[in-house]
Amino acid sequence: MQQMFRQPNPSFFPLIFSILLFSGFTVAYGSEVDIDMGDASANEQRKMQQWVSGGINAVELSLGTLPGRNIKVELVTKPYASEPVPFAQVIRGRTNKVKLQVNTAWPLQDFIDDWTLYHELSHLYIPYLDFPSFWLNEGFATYMQNIVMLKSKVIDEATFIQKLRSGLERGRLNTITRPGKLSTVSNDMWRKRAYMRVYWSGAAFFMEMDTALLQQGNSLAAVIRQYGTCCLAAESSGQALMEELDAIAKTTLFSSTYLRYSDRLDFPIFKAEQLAAIAQHYSGEP
Ligand SMILES: [Zn+2]
């Protein structure tokens, strides 16, 4: 939606600039975000600034102020890429960096519709975890990219459900060819090329947690917003993170479900009502 984008000042587009983000959440002023535009032209820089600002707004709408005092967004132009954002990664350090390859020739709307920026920014809301728990890192970002797109009205409820369904199906199929305990497969995800099993088993875990929290009048996004204001560390373990989220949500569900998922050999099954309940909650007004 167009109204969620800050209008850039057209007279000022240096190669590297900062935007001071105003937030309606826990603090009046959020992180300072540096965007390194690489060698993009002035027009393309304007488009990229609109896209990144809108992406940050969208993620903050669901998850609260971006964690950390400073965040760097580095754009690397790939003029011949067949999609707007062919590759991206989070590089963690004293200042967390989101590095995105972009083909700036694509229209702004294609950037807004692309999931990648929402996924990478969502990563920043939980710590970097041990490799056997890595399914939590990728699952969280994979689930949240869809929540963020739904809540900020980039996609509607039907598209949200369809995206989750097709992702879960990719995870289910990948589980057949990448057997073993989820924690073991996760520990060796790159060599085993078990991305879809790891990403979507993790997404399924957070969907299951969110379903349970919604039934208690809470939500995963609300728990994460609280976690971001009290407890977020740069690194942790899956078990420790689950205990902290349990303390915030006043449950033991995160820890017990985490142990069950770590050992699980199969891929979770979801009912249509579960997906519908999640979609309905996050498509409501904030
Ligand atoms: Zn990721």
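Let me start with one residue, Leu220, which, if we leave aside its neighbours within four places in sequence, is in contact with Tyr143, Met144, Phe206, Asp210, Leu213, Phe254 and Tyr282. Please keep in mind throughout that what we are looking at is a predicted model.

Leu220 also brings us to the largest nonpolar core, which has 79 residues, and Leu220 is listed there among those with the most contacts inside the core, together with Trp51, Leu75, Leu100, Tyr143, Phe205 and Phe254. Which helix gives the most to this core? That is helix α8, residues 195–215, with eleven residues. The core draws at least three residues from each of the two domains, that is, from domain 1 (2–123) and from domain 2 (131–283).

For the chain as a whole, there are twelve helices and five strands, and buried residues make up 52% of the 286 residues. If we take the contacts between residues at least 6 apart in sequence, 68% of them join residues at least 24 apart.

Now let me turn to helix α12, residues 272–283, which includes Tyr282, one of the contacts of Leu220. At 1.5 Å a residue, the twelve residues of this helix should span 16 Å, and the end C-alpha atoms are indeed 16 Å apart, so the expected and modelled spans agree. The buried residues of α12 are Gln274, Leu275, Ile278, Ala279, Tyr282 and Ser283. Why do they count as lying on the same side of α12? Because they cover an arc of only 150° around the axis. The general background is that an α-helix has 3.6 residues a turn, so residues three or four places apart point the same way. The buried residues of α12 pack against α4 (134–151), α5 (157–177), α8 and α9 (220–230), whereas the face turned away from that buried side carries the exposed residues Glu273 and Gln280.

Finally, the cysteines, where a search of the whole structure finds one disulfide. The disulfide joins Cys230 to Cys231, with an S to S distance of 2.0 Å. Is this disulfide left-handed or right-handed? The torsion about the S-S bond is about -95°, so the disulfide is left-handed. As for exposure, Cys230 is partly exposed, with a relative accessible area of 49%, and Cys231 is partly exposed as well, with a relative accessible area of 25%.

Methods: Residues numbered from 1 in each chain as written. Predicted model: local features only at pLDDT ≥ 70, side-chain atom pairs only at ≥ 80, totals over all residues. Heavy atoms only, no water. Core = buried A, V, L, I, M, F, W, Y, C linked by side-chain atoms within 4.5 Å. Buried < 20%, exposed > 50% of the residue type's maximum accessible area, 1.4 Å probe, protein only. Helix = DSSP H or I, 4+ residues; strand = E, 2+ residues; numbered from the N terminus. Domains from an automatic or database assignment. Contact = heavy atoms within 4.5 Å. Expected span 1.5 Å × (residues − 1). Arc of directions from axis to C-beta. Disulfide = S-S within 2.5 Å.
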